[in-house]
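Work through the exercises below with the coordinates open. Each task is followed by a stepwise solution.

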Amino acid sequence: MSSSHSARLTLPYVAAGQLQKHITVNEALARLDTLTQLSVVSRTTTVEPDSLDSLDSLDSLDSVHSVDSVAEGDLYILPPGAVGQFWSDWNAEDLVRAESGGWVRVPVPVGAVALVRDREELMVREAGGWTPLIRRGQHQNLTRLGLNTEADAVNPFAAKVNKALWTARPEADGGDGDLRITLNKDTPADVLSLLLQTGYGGRAEFGLIGDDDLVLKVSADGTDWSEAFRIDAGDGRAWFPRGAGRAEAVLLTAGGSWSPPDWARLLDVTAVGGGGGGGLSTALWRTADLPGPLTVAIGAGGAAGADGGDTVITSGGATLLTAKGGAAGQAGSTGGAGGLGGQGRWGGNGGGSTSASAVSGVGGAFAAPAASGGGGAGGSLEAGSTAYPGGSGGAGGLLACPAPGGAGGASAAGLAGTAPPVPVSVCGGGGGGGSAASSGAGFAGGVGGSCGAGGGGGGAGVSSGGAGGAGAAGAVLILVQG
């Protein structure tokens with residue numbers, strides 16, 4: 001410790017036997033007056049004030065001092081480039097005091113805190129100079145901030161909260177009512193993203209990830225990531241590497257009410273009337289345009305010798321779509337014809353024609369390639385007792401997802417038509433095969449496969465003709481798209 005001054009504030013000591021002790025005491029008191037609750041007029045004034053007011057006109061702490069008027073005891077922190085009779089010889093960051101018509105430089109210990117009145121900020125003295133702590137209404141140049149938790153070098157801002165709110169400053173408070181949050185990265189190759197985690201393991205990342213395209217990635221474990229979508233920064237086109245949209249196929253084979261799911265946007269509807277050979281109708285509807293739930297009536301398949309029923313879709317009391325049922329497969333005397341195709345937007349496939357001297361005709365397939373197949377014609381019986389085979393049923397959905405028709409009977413009943421191999425891909429069952437003729441009673445025609453397929457014609461017989469095969473009931477296929 002110095003024998004003449006205190007260690008921290010450099011206050012002068014009174015020496016033993018010293019004369020004029022008041023000089024030393026007054027010097028120490030002046031230094032204490034300077035360093036206790038430091039209040040600095042300014043740290044940005046560059047021109048030294050050139051006149052001093054008398055002690056009788058000392059301003060209060062809240063006074064505003066001009067550069068040419070200074071009160072005894074006023075303090076300034078010198079900025080770089082300060083000029084004046086005294087200030088030019090001193091260094092930036094020095095603390096100076098107006099005293100006795102001149103200026104003195106006051107040493108300041110590290111850790112001293114000063115209020116700078118013209119900027120309403122607190123400064124702390126460090127080894128390298130003055131550093132701002134707090135400015136009224138401002139917190140500038142913070143290096144870390146932790147809210148209910150500890151911030152660190154990796155996460156200089158950290159907050160542990162349950163809710164957070166950002167709201168626009170309204171015009172009544174001096175704002176403009178808008179709120180725009182700006183995030184910036186240095187170069188396109190850098191990452192600017194919002195990372196969502198579960199248990200501190202990444203699950204989704206959204207942003208500009210390594211380029212300037214907008215990207216969303218997802219992960220189940222935080223290690224393996226899949227890109228869900230990308231929006232090209234150049235042209236705005238969206239890309240979905242793993243596909244996009246939601247779709248479900250619904251096959252209705254019984255009547256009743258049906259409502260689209262909440263996520264649905266479009267309904268691609270195919271309706272088929274009951275067989276034989278039911279008609280096919282299609283429609284594309286926006287769910288927003290529908291007046292209410294759909295009410296579906298499925299056309300019944302025609303029994304032997306009966307027409308198929310109509311399939312009708314209504315909503316809010318309005319009829320939206322109709323697929324007419326097909327005509328019945330006929331009984332055979334000289335050989336029964338397959339039923340006619342039903343009426344729809346795309347029509348239906350009719351039954352085959354009977355031949356009096358050969359194998360009877362096959363059921364239709366090409367007239368409506370997306371619809372169900374027609375029934376084959378029953379075999380005929382010549383006067384010479386020659387019995388001919390029945391025709392095969394037509395294929396359903398011939399150019400979509402074919403469902404083979406039933407084979408015609410050579411010396412027996414025709415076989416039933418088949419259903420599509422992928423049941424909800426198309427409404428098109430195969431037609432029933434026509435039956436062979438017989439020297440006794442004719443064989444019955446084969447039944448239609450599904451979705452309004454026609455029944456086969458009955459075979460001719462001496463005692464009685466075979467009954468026409470029953471047509472299949474209609475159906476409604478709905479492709480729901482979100």
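**Exercise 1.** Decide whether Asp224 is buried or exposed in this predicted model, then describe its surroundings.

*Solution.*
1. Take the relative accessible area of Asp224: 55%. The cut-off for exposed is over 50%. Asp224 is therefore exposed.
2. Place the residue in the fold. Asp224 sits in the loop that links strand E12 (214–219) to strand E13 (225–231).
3. List its contacts, leaving out residues up to four places away in sequence. Asp224 touches Val218 and Ser219.
4. Check a separation. Between Asp224 and Arg203 there are 9.7 Å, C-alpha to C-alpha, at 21 residues apart in sequence.

**Exercise 2.** Work out the order of the open sheet that holds E2, E3 and E4, and find its edges.

*Solution.*
1. The order is E2-E3-E4, with antiparallel pairing.
2. Strand E2 (75–77) and strand E4 (102–106) each have a single partner strand, so one side of each lacks a neighbour in the sheet. These two stand at the edges.
3. Direction ignored, neighbouring strands are turned by 30 degrees against each other on average.
4. Now look at one pair. E2 and strand E3 (residues 95–99) are joined by three bridges. Ile77 has Leu95 in E3 as its bridge partner.

**Exercise 3.** State where confidence in the protein chain is highest and where it is lowest among the named elements.

*Solution.*
1. Start with the whole chain: mean pLDDT is 76, and 61% of residues reach 70 or more.
2. Strand E11 (residues 201–209) is highest, at a mean of 97, and helix H1 (residues 21–35) lowest, at 66.
3. Residues 51–68 have pLDDT below 50, yet this stretch has 35 contacts in the model beyond near neighbours in sequence.
4. Low pLDDT means the predicted coordinates should not be read in detail.

Note on methods. Residues are numbered from 1 along each chain as its sequence is written. This is a predicted model: local features need pLDDT of at least 70, side-chain atom pairs count only at pLDDT 80 or more; totals for chains, interfaces and linings use all residues. Side-chain values use heavy atoms; hydrogens and water are left out. Helices (H or I, at least four residues) and strands (E, at least two) are DSSP runs, numbered from the N terminus. Buried means under 20% relative accessible area, exposed over 50%, partly exposed in between (1.4 Å probe, protein chains only). Contact means heavy atoms within 4.5 Å. pLDDT is the predictor's confidence in each residue, from 0 to 100. Two strands pair if DSSP finds at least two bridges between them. Axes are lines fitted to C-alpha atoms, for helices over the stretch in contact, and angles run from 0 to 180 degrees between N-to-C directions.
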